[in-house]
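Please look over the model below, starting with one of its pockets and then moving to a strand and a helix.

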Amino acid sequence: MADQPADKKFFENLSGAGKAIGVLTSGGDAQGMNAAVRAVVRMGIYVEAKVYFIYEGYQGMVDGGNNIVEVSWESVSSILQVGGTVIGSARCKAFRNREGRLKAASNLIQRGITNLCVIGGDGSLTGANLFREEWSGLLEELAQSGKIEEEAVKKYAYLNIVGMVGSIDNDFCGTDMTIGTDSALHRIIEVVDAIMTTAQSHQRTFVLEVMGRHCGYLALVSALACGADWVFIPEYPPEEGWEDQMCVKLCENRARKKRLNIIIVAEGAIDCHNEAITSEKVKDLVVQQLGFDTRVTILGHVQRGGTPSAFDRILASRMGVEAVLALLEATPDTPACVVSLSGNQAVRLPLMECVQMTQEVQKAMDERKFCEAVRLRGRSFENNLNTYKLLSHRRPDAELPKTNFNVAVLNVGAPAAGMNAAVRSAVRVGITEGHNMFAVIDGFEGFSRGQIKEISWGDVGGWTGQGGSLLGTKRTLPAKYLEKIADQMRANNINALMVIGGFEAYESCLQLAEARARFEEFCIPICVLPATISNNVPGTDFSIGADTALNAIVETCDRIKQSASGTKRRVFIIETMGGYCGYLANMGGLAAGADAAYIFEEKFDIRELQANVEHLTEKMKTSIQRGLVLRNENSNENYTTDFIYQLYSEEGKGVFDCRKNVLGHMQQGGAPSPFDRNFGTKISAKAVQWISKKLRETYRKGKVFANTDDTVCLLGMRRRNLLFQPVVELKGEADFEHRIPKEQWWLKLRPLMKILAKYKTSYDVSDSGQLEHVARHSPKEMETGAI
């Protein structure tokens, strides 16, 4: 184990010896619950605690017997990629009565369980908190009736509760994303993409009903991700007279040669009089008023099914480990907490504060205080709603402001899924702000050749779901074409520039900033949006396209693991892309349950390779007779994929055989994931608003002149917020030789993958352990805050 820095806090001093943890899933199932269960079990066993499955949720706790079973490391093998919950979930009436909770307490005491990890929705977590509050009283009652000894009352005096929210609706306040939401969005978007092709063939209107009885998150984000014509959600009912407005909008779209209409309805959608808006009602309206060929598709339980997305697996694994740490650190005075996600940070929040705020949303909706309900849903929800309103409804030309500024958009570097969603968003928000929008074809190379054209609102219709780069993209940097580019900027009177791409896009804007002294044409607001599958851009934790690539890797790994399970005693070595950045290999390894991931950022030698082979040899003696090893393409110039394959083949002879797989450009292709569509759309809208602000600030005497560092910025997500950072200031954070940031947040998650693969390692928990309070955001914070 490496030396531990003195200022860091590590979990090694947190021992679980003598402790027993019970894990249960309750309420509606959600994809990713199994990843959370796996993480709790393995982290619990890793810290030497006993871990118990409580089958069938609270019903199993009340019934006891074989429903509460101690589990081993291997008990959770091969469940990471399985949807639903392998330990079952059930609604339990008995637990709502004190008598039922008395039985549950007795069953837990028999096994010495005083730490509970509950994965479920707000109802399940509220039940757990009540159980905790009654715990000492329940124990005394059990002692008085002779069911437990007085000794046990003292020994098991306190019950610790940690919750994780598993709900596809994302209806729990205090967390940006609940486990299962991203996977449900994947299911919805898969259906929408499939429906779009048939709708276009017949010029049809489709009304899609998605889940969300009390929360419109799924409907709103899927509408944003597919560019739906109209969306109905419970938190934001349409205004009086919406029927006519919607029909006018549908007619306008058809008049613009749009061959299909998509309307998304949340199952709990209401109008401003609290009357239900159903998918059938919407269909009848369209047929009666417009005579359009209209079909209804109710997605139903399809949204709960299928394999969890990469995002949900990583989220659930992080939360599961954090939940065990929270249980180990809990004292009798610690309130029951819920592990949640804020931006990119795993945080702990008091459970009842979150539940109370969630209930306040429903109360606000019941009282028809809809603006308050949207605000209480949090920054992420409000930003989604504002972006959707901005992009979906085109105001008449007469109502638009006219700035006469010309804003150009171009893609630079390798293609990344989600680039087109970002371009669409930029064009439409730019037009709404009153600018003339221009598209540059084939990056800076095309710019130098004058491949620039004005682009309209309708030109970018249907772009959100398309992979690759429709504008065309090249890796060429502007340095060799500066003079020609300046000429083209002058000829087309370009007043601002948005560059969407990877490390090349960042480097390009740096070159333009440094060339301002020679070319006045570059003295304009310039914004970089990070878009690359490698996620190697300084100044941001996430890049557009990385999530889609990660899902492609994880999907392939799942298939390969299935193949290895059938043949037994087989190890697969998989090479991922990413240049020198190990993000895809590391996070792919975490999401796919890999045994090892070799990356450039963490040096490895022959001894480590040998240790990995020995680890796999031991693994083949268990019931899990397969192995998965990921290698980043540039992790080491000598220890190539071929070398590692040959080494493993030789050293594993007689114990296991080896196969290798180079994933290649399949990681760059495919339709963008919901996350990438949404992320690209929202950050692009925010970037155009920043450009508009800078244009107003720098417009003097009939021209734009912007020559300060803060007018060439990269918009990135840092921990919990979206920040505009001058590219010049980010220079110190970049390793230009290897084209990666010098510090990368995801390296902190590397030990997590090793722990879950049964390696002894050191895990920095400096960021953990602080119980925070639920933030209530003001409208001003909404403007500057996270996505």
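Helix α4 contributes the most to the lining of the second largest pocket, with 5 residues. The model is predicted, so the pocket is a feature of computed coordinates. Helix α4 spans residues 122-144, and it is joined by α11 (351-366) in supplying at least two residues each to this lining. In total, 35 residues line the second largest pocket, and those nearest its centre are Arg 91, Gly 121, Asp 122, Gly 123 and Ser 124. The space in this pocket comes to about 960 Å³. Sorted by class, its lining has 16 polar, 11 charged and 8 nonpolar residues.

Next comes strand β8. Its residues, 261-266, are buried in 6 of 6 cases, so the strand is largely enclosed by the rest of the structure. Asn 261, Ile 263 and Val 265 point one way from β8, while Ile 262, Ile 264 and Ala 266 point the other way, and all are buried.

Which strands pair with β8 in the parallel sense? Strand β6 (residues 205-210) does so over 6 bridges, and Glu 209 has Val 265 of β8 as its bridge partner. Strand β7 (residues 230-232) also pairs with β8 in the parallel sense, over 3 bridges, with Val 231 opposite Ile 264. From β7 the chain passes through helix α8 (residues 242-255) to reach β8, in a right-handed β-α-β crossover.

Helix α10 is the last stop. Its 20 residues, 310-329, reach 29 Å from first C-alpha to last, close to the 28 Å expected at 1.5 Å a residue. Helix α10 is mostly covered, with 19 of its 20 residues buried.

Notes. Residues numbered from 1 in each chain as written. Predicted model: local features only at pLDDT ≥ 70, side-chain atom pairs only at ≥ 80, totals over all residues. Heavy atoms only, no water. Helix = DSSP H or I, 4+ residues; strand = E, 2+ residues; numbered from the N terminus. Expected span 1.5 Å × (residues − 1). Buried < 20%, exposed > 50% of the residue type's maximum accessible area, 1.4 Å probe, protein only. 1 Å grid on protein atoms, 1.4 Å probe; cavity = no way out; pocket = protein on both sides within 12 Å on 5 of 7 lines; lining within 4 Å. Points joined across faces, edges and corners; volume = space filled by probe spheres on them. Nonpolar A, V, L, I, M, F, W, Y, C, P; charged D, E, K, R; others polar. Pairing = 2+ DSSP bridges. Right-handed = clockwise from strand over helix to strand, strands pointing away.
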